[in-house]
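Let's take a friendly walk through some charged pairs and one helix packing. Please have the sequence and the model open as you read.

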Amino acid sequence: MRVHFHGAAGEVTGSLHEVEAAGHRLLLDCGMIQGSPEAERRNLDPFGFDAAALDALVISHAHIDHIGRVPLLLKRGFRGEIHAQDATADLMRIMLLDSASIAESEAERGNRRRGPGEAPLQPLYTREDVEETMRRVRPLRYDTDSEILPGVRLTFREAGHILGSSVVELRAEGRTLVFSGDLGPKGTPILRDPEPIAAADLVLMESTYGDRLHKDRAETILELGRILEAAWNDGGNVLIPAFAVGRSQELLYWFAKYWDEWKLSRWKIFLDSPMAAKVVAVYDRHTDLFDEDAVRVWKEKPNPFNLPNLHLTESAQDSMAINAIERGAIVIAGSGMANAGRILHHFRQNLDKPQTHVVFVGYQAEGTVGRRLVEGAQWVRIHGRDVRARAQRHTIGGLSAHTDQHGLIEWYGNIAGHPPLALVHGEDKAREALAGEIGERFGVRAVLARPGLTLEV
């Protein structure tokens, strides 16, 4: 087997790895590049391989930086099957339709500003392209050994990152390639812990937080409760940019668990995302994937997805109506990195108010509005207008859906013999720190994957 690296090799988004195995070519993930406008324009670039020559695509999980260019892959000639865990397959349709809708809207807005003689803008792909994509998806269950191509076998293992997230085991030619996808921390609410991997000949491992440790989860939850109390006393609103898959559901879980302690009945809680509301329905269909604590909360507390003061705002009119609320609103809205979506509209209305509290609960990529706010920017540009940022800002690292340096080292350390390792899905600072720690502990020289690099398995 050979692995050719094309994306998420020196950065966190755009996961894209090509594998040659048993005379076949397949992809691990086909994710969208996210971040600054310049970075996102790279989504239009050629893939660096012939899409029509691929025989299969394997998806680790349904976040857009791992699936966001799959419809484009079909537009460029791919005709193979797409393999994804059951829940991932359900989430893919929601995520990709939302992505296509955004692309269509952006093209439409751009064309309204088009000058005489300028060629019309085309969306990266359309909702029709997504439907064609979904016809090629073949759902698989965890821990099921499947032959996806002659001589190539696939097994998905629990990764604990979001619902359906998977560690990928590929076996061919007597060799085993393991791709971590994105690994979640132990004890993540709702989800089961990442499953240990017994053996491998080469491991591709994410390194998003390879240079840092998360806060203790219990301490983090106390901090979130203190922020909500302070925001109530300040008489403002709380804005939480959150990914529609994973983080939004985890926040609702904590709201249910600490309903009484945090006096949440006094708040109006908004899940302001049509996509997140659809994702809630997918979670309800896959409760068999929940951990024991989540099952207990569902039985003993208010259902996190049906809190008495929770409003699922699907229409644009309902979303805009939130802006009339001066205080006492908790608004969870996408996008998680505040580079698009409804959270930007709420920022425009609330960022200049000192009594507003903005809570960041996930990774903020370079070039995004979220990253600039986390780094202390006093002004940010939203929808072509400069907005003063007076709001109080909080970064809650302990809620990350990615495990930290200790978690990555522990997961890799459990693999027999400490096989060769390539670090992907991380900025260089994080990868270098993680590689140093792994080298010191296990005597393994981790490779920092780069686009164009090829490794033998």
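What follows covers salt bridges first and then a pair of helices.

This is a predicted model, in which local features need pLDDT of at least 70, side-chain atom pairs count only at pLDDT 80 or more, and totals for chains, interfaces and linings use all residues. Residues are numbered from 1 along each chain as its sequence is written, and side-chain values use heavy atoms, with hydrogens and water left out.

**Salt bridges**

Side chains of opposite charge can pair when their charged atoms come close. Here a salt bridge is a side-chain nitrogen of Lys or Arg within 4 Å of a carboxyl oxygen of Asp or Glu. Searching the whole structure gives 39 salt bridges. Three of them are set out below.

| Acidic residue | Basic residue | N to O distance |
|---|---|---|
| Glu108 | Arg112 | 3.4 Å |
| Glu366 | Arg371 | 3.0 Å |
| Glu427 | Arg371 | 3.8 Å |

Helices (H or I, at least four residues) and strands (E, at least two) are DSSP runs, numbered from the N terminus. Glu108 and Arg112 sit four residues apart in helix H4 (residues 86-112), about one turn of the helix. Arg112 is exposed, at 59% relative accessible area; the classes are buried under 20%, exposed over 50% and partly exposed in between (1.4 Å probe, protein chains only).

How accessible is Arg371? Arg371 counts as buried, with 15% relative accessibility. Glu366, which forms a salt bridge with Arg371, is partly exposed at 47%. Arg371 also meets Glu427 in a salt bridge. This second pair links distant parts of the chain, 56 residues apart: Arg371 belongs to helix H12 (residues 369-374), while Glu427 lies in the loop between strand S20 (421-424) and helix H14 (428-442). Glu427 is partly exposed, at 25% relative accessibility.

**Two packed helices**

Helix H6 (residues 217-234) packs against helix H7 (residues 247-257) at about 80 degrees, with the axes 12 Å apart. Axes are lines fitted to C-alpha atoms over the stretch in contact, and angles run from 0 to 180 degrees between N-to-C directions. H6 is therefore roughly perpendicular to H7, a label for angles of 65 to 115 degrees. The contact (heavy atoms within 4.5 Å) involves Arg217, Ile221, Leu224 and Leu228 of H6, together with Glu250, Leu251, Trp254 and Phe255 of H7.

Technical notes. Parallel < 35°, antiparallel > 145°, perpendicular 65-115°, else oblique.
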